[in-house]
Amino acid sequence: MPHIGDELHHSGWNICSSCHNKQQKRDTLILPCLMSDRVYFIDTSSERTPSIKKVLSSIEVNQYGISTLHTSHCLPTGEILISAMGKPNGDAIGEFLCINAETLEVKGTWTIGEKKAAFGYDFWYQPYHDVLVASEWSVPRVFKKGYTTTDIADPAIYGRSLNFYSWNERKLKQVLNLGEDGIAPLEIRFLHNPKSSEGFVGCAVTSNVYKFYKTSNGEWAAKKVIQILNKQVEGWIAPQMPGMITDILISLDDKYLYLSNWLHGDIRQYNISDTERPKLVGQIFLGGSILNDSKIRIIEDNELTEQPAPIYIKGRRLYGSPQMLQLSLDGTRLYVTTSIFKPWDQQFYPEHVKYKLKH
């Protein structure tokens, strides 16, 4: 990218795979920026030589009263929708920027009406059930400085709710508060079956996964179905270290849920054939904060038989910790990134940041 400090975080496409045909080319990669509020549109028609097709400036974004762009999804309506987490002054808000997928011109914000979500982060939609559901992180001017355990106690700083919108009316209809056990519900996923009214959301700070579902009266409810226990430690910023679930992923056959514990350092695979009772069927450590050569010592090991050893790939130490996940279409390969957000990376994995800058 031509600018420094954009902080590319999530990405999306101009056209969904389900809409892909000869008339509509899936040839534009959408890259919103957390720190600069820019949006890059990358021409990928030549896979070996991608180029910048257009750059949406922060001025064009901020004029709609939003900032800190995050998740981008292509819509079946021929539009691109990007979630926003903040206002231009750094305060929190949950809103969406709507862009024409053909011209790449901004159409405005998506939500209709005065009722707005208090926070924003990720989102997914299910037109069959007339719903778009969005999750919550925190106040941008706060989380951009790093993570502190005192902030999470304040519901005005860290979100705790799922926000359900009418897909057709584009209005916020229901705010479902998950309470003190659902702090920072981040990555949110519907099951892939288009008629399903169930999904999952991973709560980062409280390290658990909630199942959300549509009830018989048309309202939405949630139930905690996975809990990652905190670890008693020494040498960290607090006596207890959460797993910090930063990403979840559901396989295309809706059989498995994968999650990453960014602080503990492990990736877990759960069988969700029974969505009420996920079963842990796989686990692997790829870095993390509790390696046996780290400065952090486990006092009470409530899950591990021993501290995991450092991971080496072809003789090179793997720094950082598993974060974003992507599964191949055939379900046989899981791709993993090892950083979350520069201020947080520098705080917890400075060696990882140094390595990236060096190489």
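Guide: Helices (H or I, at least four residues) and strands (E, at least two) are DSSP runs numbered from the N terminus. In this predicted model, local features need pLDDT of at least 70 and side-chain atom pairs count only at pLDDT 80 or more, while totals for chains, interfaces and linings use all residues. Residues are numbered from 1 along each chain as its sequence is written, and side-chain values use heavy atoms, with hydrogens and water left out.

Visitor: Which helix gives the most to the lining of the second largest pocket?

Guide: A pocket is an open set of points on a 1 Å grid over the protein atoms alone, where a 1.4 Å probe fits, with protein on both sides within 12 Å along at least five of seven lines; lining residues have an atom within 4 Å of a point. Helix H3 (342-348) and helix H4 (350-358) each supply at least two lining residues. The greatest contribution, three residues, comes from H4.

Visitor: Which residues are closest to the centre of the second largest pocket?

Guide: The lining comprises 21 residues. By class, nine of them are nonpolar, eight polar and four charged, with Gly counted as polar and Cys, Tyr and Pro among the nonpolar. Closest to the centre are Ser294, Lys295, Phe348, Pro350 and Glu351.

Visitor: Which strands stand at the edges of the open four-stranded sheet?

Guide: The order is E13-E14-E15-E16, with antiparallel pairing, where a pair needs at least two DSSP bridges. Four bridges join E13 to E14 (residues 198-203), and Pro185 stands opposite Cys203 in E14. The edge strands each have a single partner, so one side of each is left without a neighbour in the sheet: these are E13 (185-190) and E16 (220-227).
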